[in-house]
Amino acid sequence: MTRLKEAVKAEEGEIYDIELDADLLKVNEELAAKNRELLRKHNVTAIDVMGAIGSGKTTLIEKLVQALKGKYRIAAFKGDLTTTIDAGLIGKHGVEVVPINTGKECHLDANLVRKAFKRINLAEIDLLFIENVGNLICPADFPLGSEKRIVVVSVTEGPYMVVKHPFIFMRADVAVINKKDLAQAMGVDVKKLETDVKEINPNAKVVATNCRSGEGVIEVVCALGL
Ligand code: MG
Ligand code: ZN
């Protein structure tokens with residue numbers, strides 16, 4: 001059963017862009033604080049899932065939904081430029097999904113998440129997954145008001161994805177190193193990626209996964225404290 005809601009669409013010029021104006025970052029932070037307040041009022045734990053295109057964000061969310069839907073009432077927001085493919089994949093697991101289409105922009109912001117709140121009833125959920133637009137750079141600068149932030153990186157992205165993107169790992173609570181089953185074929189050392197994360201952010205919890213098979217997903221649940 002797919003429970004896809006109508007997509008939230010960004011208006012022209014609606015997305016605040018850090019490159020254009022640092023003040024807009026501050027506006028985003030204020031809106032994120034309001035989002036957090038609203039989520040707390042309704043006892044909803046929101047988790048922002050960031051990572052490059054193809055890293056496995058959607059698959060991770062699907063597996064987390066499967067593992068947790070007996071325990072929590074779950075909804076999801078899915079940021080993408082124009083498509084609702086991922087939203088449909090998550091929605092197949094019987095949870096309500098709001099696609100957020102950003103148009104040309106490469107990240108979600110607190111304002112769009114705020115608009116998406118209007119499509120769901122926060123009183124009826126406990127847990128909200130927010131899949132960000134596939135990108136390892138600017139989502140880091142745009143907090144959404146979530147309780148926790150996950151960044152997913154896969155071994156197929158090569159050995160330097162962590163060290164090349166320190167800011168997103170600095171801001172993550174949990175780092176997921178996905179597709180560990182392909183590490184040998186890719187010639188990538190999972191342990192080295194784990195060490196790279198810890199060097200950038202000693203407080204981050206690091207979990208190696210194969211989200212496709214579900215390996216490591218329970219460890220992600222534990223790392224999120226769920
Ligand atoms: Mg996805
Ligand atoms: Zn962006």
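The following paragraphs lead through the metal sites, the nonpolar cores and several individual residues of a predicted model.

Residues are numbered from 1 along each chain as its sequence is written, and chains are lettered from A and ligands numbered from 1 in the order in which they are written. In this predicted model, local features need pLDDT of at least 70 and side-chain atom pairs count only at pLDDT 80 or more, while totals for chains, interfaces and linings use all residues; side-chain values use heavy atoms, with hydrogens and water left out.

The magnesium ion (ligand 1) is coordinated by Thr58 (OG1), Asp86 (OD) and Glu131 (OE), at 2.0 to 2.2 Å. Donors here are N, O and S atoms within 2.8 Å of the metal (3.2 Å for Na, K and Ca), and sites may look incomplete because water is not among the atoms. The spacing of these donor residues in sequence is T-x27-D-x44-E. Threonine 58, in helix H2 (residues 57-68), and glutamate 131, in strand E6, are 73 residues apart, so that the pair links distant parts of the chain. Helices (H or I, at least four residues) and strands (E, at least two) are DSSP runs, numbered from the N terminus. Both threonine 58 and glutamate 131 are buried, where buried means under 20% relative accessible area, exposed over 50%, and partly exposed in between (1.4 Å probe, protein chains only).

The zinc ion (ligand 2) has as its protein donors Cys106 (SG), His107 (ND1) and Cys138 (SG), which lie 2.0 to 2.2 Å from it. Their spacing in sequence is C-H-x30-C. Histidine 107 and cysteine 138 likewise link distant parts of the chain, 31 residues apart: histidine 107 is in the loop between strand E5 (96-101) and helix H4 (110-117), and cysteine 138 in the loop between strand E6 (127-131) and strand E7 (148-154). Histidine 107 counts as buried because its relative accessible area is 0%, and cysteine 138 is also buried, at 7%.

Helix H2, which carries threonine 58, also connects the discussion to the protein interior. At 1.5 Å a residue, its 12 residues should span 16 Å, and the end C-alpha atoms are indeed 16 Å apart; the expected span is 1.5 Å times one less than the number of residues. Buried residues of H2 are Lys57, Thr58, Leu60, Ile61, Glu62, Leu64, Val65 and Leu68.

The largest nonpolar core has 27 residues, of which Ile47, Leu60, Leu64, Phe129, Ile150, Val220 and Leu224 touch the most other members. Such a core is a set of buried Ala, Val, Leu, Ile, Met, Phe, Trp, Tyr and Cys residues joined through side-chain atoms within 4.5 Å. Two or more residues come from each of strand E3 (45-51), H2, strand E4 (74-80), helix H3 (85-91), E6, E7, strand E8 (174-178) and helix H9 (217-223). H2 gives the most to this core, with 5 residues. Setting aside residues up to four places away in sequence, valine 220 touches Leu60, Leu64, Ile150, Val176, Val207 and Thr209, contact being defined as heavy atoms within 4.5 Å. A second, separate core of 21 residues includes Leu136, Val151, Val162 and Ala175.

Aromatic contacts are considered next. A search of the whole structure finds 1 aromatic pair. Phenylalanine 77 and phenylalanine 117 form this tilted pair, 5.8 Å centre to centre with 50° between the planes. Rings of Phe, Tyr and Trp (its six-membered ring) pair if their centres lie within 6.5 Å; planes under 30 degrees apart count as stacked, over 60 as edge-to-face and the rest as tilted. The two residues, both buried, lie in strand E4 and helix H4 respectively, 40 residues apart.

The structure has 0 disulfides, a disulfide being a pair of cysteine sulfur atoms within 2.5 Å. For cysteine 222, the closest cysteine sulfur is that of cysteine 211, 14 Å away and therefore too far for a bond. Cysteine 211 is buried, with a relative accessible area of 1%, whereas cysteine 222 counts as exposed at 54%.

Two residues that are not glycines have a positive phi. For asparagine 43 the value is about 55°, and this residue, in the loop between helix H1 (22-41) and E3, is exposed with a relative accessible area of 63%. For lysine 179 phi is about 60°; lysine 179 is in the loop between E8 and helix H7 (183-186) and counts as partly exposed at 22%.
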